[in-house]
Amino acid sequence: MQSLRWIWGYLYHYWRRLCVGLIMALIVSALNMVNPYLAGKIIDKVILGDQNHLLWIFLGIMIAGTLIRTIVRYSYQLVFEGLSQNVIFKMREHMYERLHHLDFSFYDRTKTGDIMAKMTGDLEAVRHFTAWTVYMIFENVAILLFAIGFMFYIHPPLAFTLLIVTPVIGYFAFRLTSDVKPTFTEIRNQFAKLNSVVQENISGNRIVKAFAKENYEIKKFSIENDGFKEKNLQSSKIWEKYLPILDSLGGVLTVLMIFGGGLMVIKGTLTFGELVMFNSLIWAISNPMKMAGWLLNDVQRFIASAEKIEDLLKTKSKIININQPVAAKMTGMVEFQHVSFSYGEEAVLKDIHFSVKAGETVGIIGPTGAGKSSLVNLISRFYDADAGEVLIGGVNVKKWDIQRLRNGMATVMQDIFLFSDTIEGNIAYGNPEASLVAVQNAAKMADAHNFISKLPEGYDTVVGERGVGLSGGQRQRIALARALLKDPAILILDDTTSSLDMETEYKIQNTLKSLQKRKTSFIIAHRISSVKDADIILVMNNGKIMERGTHKELLKKKGYYFDVYMNQYGNFENKQIGEEVI
Ligand SMILES: Nc1ncnc2c1ncn2[C@@H]1O[C@H](COP(=O)(O)OP(=O)(O)OP(=O)(O)O)[C@@H](O)[C@H]1O
């Protein structure tokens, strides 16, 4: 019921078209009564009553009725197809918009395959329901009611005899529906699992090959594929149980009609023509009953899919704008006031406290898993702090308009993502209006211009999915150019130069230094060389800032930073070298 109410939310925009379609379906259902009626009249009036002149009239009406019925039926099929395409178009748009509104935590817990199953299989089930099932249910119910009414009009006692069987058919159709429903939910969930395996395998096909795990992955797929087949077979088994019963009950109707009707003809209470009318109408009773199983099947499939789509559309993002967000100018002043944060149970950031003036550079260093990326994720409000406040320009990030906040900053994430587009398109992603010269300048700053120019199609080179066809360092430089072209007030570089050789990193750093005077920069790195010129370096471990200061100050402290420095630049045993550098 809930799913029907939900789909009505989409359908009512087209209620006029829906009404036209349903009225046409009603006309077709009524026209279905014409031929059986006239067939009976031909027997009674023409064959037995010798009124031969009526034959041509009856035949003419039958042909005209059939023609009109075919045209109207074809027309409303088109009406419903158009209607369903409109509904699906809107729904797909809503789903896509929702997917873009949802925050990082949604994507952390949702498999891409599951989302794809919703965008494809579930939408198709809803399309099928609105394009076909809706009018088929209406048409079958209308035919059944017209036939019952007509039969009662012709001969109530025989009509009554036939109707004795219909509640039994109704009972089995209902049983079939309730038994089959859970299997549809299972089929649908299994389909999502199958999709996830395929999607992960396609995305990770290089890893699969590198580890020679093709057979393992094929087996993994086979298990899910087998599961999908099994779930479908389970559903078919339920069908196999009920369909013969429903079919036999349809047959019982015919037997009852011939037996009861035959007796009535012999007794003279029913004409031969009326028996023919009943005989021609019997399908109008048994067919909707038989169709009920298939249609309820479709309804259950629709409900299972509609629930999944509705779930997605109802999923709320935790990161949302407040009622009247601040629309201040982004200044680049960043402050963390006793911030704690966790993804789940365990705290990932503990009591983080620091402040940065606009235009300053912050280096963040520390072992893997220390919480460096998590810290910068709070600046862009990809997640919200559990305690404490993150302030930009003195205003809590939760009070900023999210679009404005993120437009004022550019992040080069650790996991570089490039779209399957031209290099120019990828660099201009954050600033599509940018001229080619501006794109080239950004590429020069990121030391990417040289290698791009050497490509046969230069900036028009289309990179593969996720940037396939480029080296790790080339991808990093394009991502850096993309961030620089945005000219943000806050620049966040999460391990952005890790794949670059020292010489390229040095060149980029010199460029960044000139830029950094204008923007606040956060540079996460494992190499001392990447952070040593920062105004302040935060050394993180286990979610805490355990050391802070400039490069020189930190070396003097002879703590973790000093050890890393010695590891990378000097003899670890001989701390004297470190002191020389200081
Ligand atoms: N999306 C997430 N959901 C749950 N836990 C997460 C998520 N992202 C990171 N973590 C956990 O949070 C902790 C800090 O991770 P984070 O990525 O911030 O570390 P990091 O210092 O940037 O590490 P690295 O240098 O390896 O990038 C880790 O224990 C990690 O397992």
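**Figure 1. Glu93 and Lys90 pair up within helix H4.** Glu93 and Lys90 form a salt bridge, with their closest N and O atoms 3.4 Å apart. A salt bridge here is a side-chain nitrogen of Lys or Arg within 4 Å of a carboxyl oxygen of Asp or Glu. The two residues are 3 residues apart in helix H4, so about one helical turn separates them. Helices (H or I, at least four residues) and strands (E, at least two) are DSSP runs, numbered from the N terminus. Glu93 is partly exposed, at 31% relative accessible area. Lys90 is partly exposed too, at 33%. Buried means under 20% relative accessible area, exposed means over 50%, and partly exposed lies in between (1.4 Å probe, protein chains only). The model is predicted: local features need pLDDT of at least 70, side-chain atom pairs count only at pLDDT 80 or more, and totals for chains, interfaces and linings use all residues. Residues are numbered from 1 along each chain as its sequence is written, and side-chain values use heavy atoms, with hydrogens and water left out.

**Figure 2. A salt bridge joins Glu139 and Arg73.** A search of the whole structure finds 14 salt bridges. In one of them, the side chains of Glu139 and Arg73 meet at 2.9 Å, N to O. Glu139 lies in helix H6 (residues 112–154) and Arg73 in helix H4 (residues 53–101), so the pair ties together parts that are 66 residues apart in sequence. Glu139 is buried, with a relative accessible area of 6%. Arg73 is partly exposed, at 25%.

**Figure 3. Arg188 and Asp114 belong to a salt-bridge network.** The closest N and O atoms of Arg188 and Asp114 are 3.8 Å apart, and the two residues form a salt bridge. This pair links distant parts of the chain: Arg188 sits in helix H8 (residues 166–203) and Asp114 in helix H6, 74 residues apart. Arg188 is buried, at 7% relative accessibility. Asp114 is partly exposed, at 22%. Through shared partners, salt bridges join Asp114, Lys118, Asp122 and Arg188 into one network.

**Figure 4. Gln190 makes a polar contact with Glu224.** Gln190 is another residue to find in helix H8. Its relative accessible area is 7%, and Gln190 is therefore buried. The side chains of Gln190 and Glu224 are in polar contact at 2.8 Å. A polar contact is a pair of N or O atoms within 3.5 Å; within protein, one must be able to donate a hydrogen and the other to accept it, and residues adjacent in sequence count only if both atoms are side-chain atoms.

**Figure 5. The ligand and the residues around it.** The shell around the ligand holds 14 residues, and Gly369, Lys372, Ser373, Ser374 and Gln414 come nearest. A residue is near a molecule or strand if one of its heavy atoms lies within 4 Å of it. Helix H12 (residues 372–379) gives the largest share of the shell, 3 residues. By class, the shell has 5 nonpolar, 7 polar and 2 charged residues. Ala, Val, Leu, Ile, Met, Phe, Trp, Tyr, Cys and Pro count as nonpolar; Asp, Glu, Lys and Arg count as charged; the others, Gly among them, count as polar.

**Figure 6. Polar side-chain atoms beside the ligand.** A polar side-chain atom of Asp108 lies 3.0 Å from a nitrogen atom of the ligand. For Lys372, a polar side-chain atom lies 2.7 Å from a ligand oxygen atom. For Gln414, the distance from a polar side-chain atom to an oxygen atom of the ligand is 2.7 Å. The protein covers 63% of the 630 Å² of accessible area that the ligand has on its own. Accessible areas come from the Shrake-Rupley method with a 1.4 Å probe; for residues, only the protein chains shown count as cover.

**Figure 7. Asp50 and Asn542 have positive phi values.** Most residues other than glycine have a negative phi. Asp50 has a positive phi, near 60 degrees. Asp50 lies in the loop between helix H3 (34–47) and H4. Asp50 is exposed, at 62% relative accessibility. Asn542 is not a glycine either, and its phi is positive at about 50 degrees. The place of Asn542 is the loop between strand S9 (536–541) and strand S10 (544–549). Asn542 is exposed, at 52%.
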